[in-house]
Amino acid sequence: MSGTGQSGARPWPTDISLKKSERTLTVTFDDGAMFTLPAELLRVESPSAEVQGHGAGQKKTVPGKRNVAITNVEPVGTYALRIIFSDGHDSGLFTWDYLYELGRDADAKMHAYLLDLKAKGLSRD
């Protein structure tokens, strides 16, 4: 890592690009990492209490988000983004660290989400 981020060695975003037509958010970091995150993944992994619950082991499985879109992104200070989704959800604050984690672990998180849906008899649609 280059360590040029404002918080020392932690990766810091250098570019954020919303592609509404593709329903993706691309985040580039100062360590060279670039992640294109689908709206569905961002929505079902939202850091909001609605999705994560209020404590350990309370995470909710959110079905029916295959076609969710991102309508807007808003900076929150210098540490996060508020993502506004087409289903009205907008309460999660996506910190730079969390966006990096989602990008790094996107495949594993999506796989776990799909397994969870199946186990609970829920659908992406």
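Trainee: Where is the place of Arg 43?

Mentor: Arg 43 sits in helix H1. The model is a predicted one.

Trainee: Why is Arg 43 called buried?

Mentor: The relative accessible area of Arg 43 is 3%. Buried means under 20%, so Arg 43 with its 3% is buried.

Trainee: What makes the link between the side chains of Arg 43 and Glu 50 a polar contact?

Mentor: The distance is 3.1 Å. The cut-off asks for a pair of N or O atoms within 3.5 Å, so 3.1 Å meets it.

Trainee: Which residues does Arg 43 touch, not counting those up to four places away in sequence?

Mentor: Arg 43 touches Glu 50, Val 51, Val 62, Lys 65, Val 68, Phe 85, Asp 87 and His 89.

Trainee: Where is Glu 45, and between which helices?

Mentor: Glu 45 is in the loop between helix H1 (39-44) and helix H2 (49-52).

Trainee: Is Glu 45 buried or exposed?

Mentor: Glu 45 has a relative accessible area of 5%. Buried means under 20%, so Glu 45 is buried.

Trainee: What joins the side chains of Glu 45 and Lys 59?

Mentor: A polar contact of 2.7 Å joins them. Lys 59 is also among the residues that Glu 45 touches, not counting those up to four places away in sequence; the others are Gln 52, Tyr 98, Leu 102 and Lys 109.

Trainee: Tyr 98 appears in that list. Why does Tyr 98 count as buried?

Mentor: Tyr 98 has 15% relative accessibility. The limit for buried is under 20%, so Tyr 98 counts as buried.

Trainee: How many aromatic pairs are there?

Mentor: The count comes to 5 aromatic pairs.

Trainee: What makes the pair of Phe 29 and Tyr 100 edge-to-face?

Mentor: The centres are 4.8 Å apart and the planes stand at 80°. Rings pair if their centres lie within 6.5 Å, and planes over 60 degrees apart count as edge-to-face, so this pair meets both conditions. Phe 29 lies in strand E2 and Tyr 100 in helix H3 (residues 96-104), so the pair ties together parts that are 71 residues apart in sequence. Phe 29 and Tyr 100 are both buried.

Trainee: Why is the pair of Phe 94 and Tyr 98 called tilted?

Mentor: The ring centres of Phe 94 and Tyr 98 are 6.1 Å apart, with planes at 35°. Under 30 degrees would count as stacked and over 60 as edge-to-face, so 35° leaves the pair tilted.

Trainee: Which residues are linked into a cluster by ring pairs?

Mentor: Phe 29, Phe 35 and Tyr 100 are linked in this way.

Trainee: Why is Phe 94 called buried?

Mentor: Phe 94 has a relative accessible area of 0%. The limit is under 20%, so Phe 94 is buried.

Trainee: Which residues have the most contacts inside the largest nonpolar core?

Mentor: They are Leu 42, Phe 94 and Leu 99, in a core of 28 residues. E2, strand E3 (34-38), H1, strand E5 (80-85), H3 and H4 each supply at least two residues of this core. H3 gives the largest share, 5 residues.

Trainee: In what order do the 3 strands of the open sheet come?

Mentor: The order is E4-E5-E6, with antiparallel pairing.

Trainee: What makes E4 and E6 edge strands?

Mentor: Strand E4 (70-76) and strand E6 (93-95) each pair on one side only.

Trainee: How do you know that E5 and E6 pair?

Mentor: E5 and E6 have 3 bridges, in the antiparallel sense. At least two bridges are needed, so 3 bridges suffice. Leu 81 stands opposite Phe 94 in E6. H3 packs on the sheet and touches E5 and E6.

Trainee: How many bridges join E4 to E5?

Mentor: There are 6 bridges, and the two strands run antiparallel. Within this pairing, Val 76 has Ala 80 in E5 as its bridge partner. The hairpin of E4 and E5 has 3 residues between the strands, and Gly 77 takes a positive phi near 60° there.

Trainee: Which residue has a positive phi although it is not a glycine?

Mentor: Arg 23 does, with a phi of about 55°. Arg 23 is in the loop between strand E1 (13-19) and strand E2 (24-29).

Trainee: Why is Arg 23 called partly exposed?

Mentor: Arg 23 has a relative accessible area of 32%. Buried is under 20% and exposed is over 50%, so 32% makes Arg 23 partly exposed.

Key. Residues are numbered from 1 along each chain as its sequence is written. This is a predicted model: local features need pLDDT of at least 70, side-chain atom pairs count only at pLDDT 80 or more; totals for chains, interfaces and linings use all residues. Side-chain values use heavy atoms; hydrogens and water are left out. Helices (H or I, at least four residues) and strands (E, at least two) are DSSP runs, numbered from the N terminus. Buried means under 20% relative accessible area, exposed over 50%, partly exposed in between (1.4 Å probe, protein chains only). A polar contact is a pair of N or O atoms within 3.5 Å; within protein, one must be able to donate a hydrogen and the other to accept it, and residues adjacent in sequence count only if both atoms are side-chain atoms. Contact means heavy atoms within 4.5 Å. Rings of Phe, Tyr and Trp (its six-membered ring) pair if their centres lie within 6.5 Å; planes under 30 degrees apart count as stacked, over 60 as edge-to-face and the rest as tilted. A nonpolar core is a set of buried Ala, Val, Leu, Ile, Met, Phe, Trp, Tyr and Cys residues joined through side-chain atoms within 4.5 Å. Axes are lines fitted to C-alpha atoms, for helices over the stretch in contact, and angles run from 0 to 180 degrees between N-to-C directions.
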